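Biologist: Please take a close look at the nonpolar core of this protein. Which residues make up the largest one?

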Amino acid sequence: MAEKKKPTRQQAWRKRHPKRYLAHLTVQNAMRLGVIKRQPCEVCGNPKTDAHHDDYDRPYDVRFLCRRHHKQHHSKGAKNGAG
Ligand SMILES: [Zn+2]
Ligand SMILES: [Zn+2]
């Protein structure tokens with residue numbers, strides 16, 4: 001009997017955004033290995049930052065932005081931007 005498990009929200013998200021998921025995974029790994037170092041926000045210097053990708057095809061090419069400026073960056077209509 002195959003019981004179908006409903007995918008979790010995260011799993012569904014991964015399916016919808018495979019590149020984005022992969023890019024984030026790459027960054028997480030790289031940061032753990034010390035290849036990429038977390039930087040303060042490039043706009044305001046806030047040390048609590050997210051890695052932002054301008055291009056998911058270049059997962060190592062990241063910028064660090066705090067929550068506020070990350071959001072702002074995306075709302076400015078960066079065409080690729082979602083991560
Ligand atoms: Zn900032
Ligand atoms: Zn972003």
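Modeller: In this predicted model, residues 24 or more positions apart account for 44% of the contacts with a separation of 6 or more. The chain that makes these contacts holds 3 helices and 2 strands, in the order α-α-β-β-α along the sequence. Of its 83 residues, 16% count as buried.

The largest nonpolar core has 7 residues: Ala 23, Val 27, Ala 51, Tyr 56, Val 62, Phe 64 and Leu 65. A residue must have 20 or more other C-beta atoms within 10 Å of its own to be buried, and a nonpolar core is a set of buried residues. Two elements give two or more residues to this core, namely helix 2 (18-33) and strand 2 (62-66). Strand 2 gives the most, with 3 residues.

Val 62 is one of the core residues. Leaving aside residues up to four places away in sequence, Val 62 touches Val 27, Ile 36, Ala 51, His 52 and His 53. Among these partners, Val 27 and Ala 51 also belong to the core.

On the helix side, Ala 23 and Val 27 are both in the core. A general point applies here. An α-helix has 3.6 residues a turn, so residues three or four places apart point the same way. Helix 2 itself has 16 residues and reaches 22 Å from its first C-alpha to its last, close to the 22 Å expected at 1.5 Å a residue. After helix 2 comes Gly 34, with a positive phi near 85 degrees.

Methods. Residues are numbered from 1 along each chain as its sequence is written. Chains are lettered from A and ligands numbered from 1 in the order in which they are written. This is a predicted model: local features need pLDDT of at least 70, side-chain atom pairs count only at pLDDT 80 or more; totals for chains, interfaces and linings use all residues. Helices (H or I, at least four residues) and strands (E, at least two) are DSSP runs, numbered from the N terminus. A residue is buried if 20 or more other C-beta atoms lie within 10 Å of its own, exposed if 12 or fewer, and partly exposed in between; C-beta atoms are placed from the backbone. Two residues are in contact if their C-beta atoms, placed from the backbone, lie within 7 Å. The expected span of a helix is 1.5 Å times one less than its number of residues.
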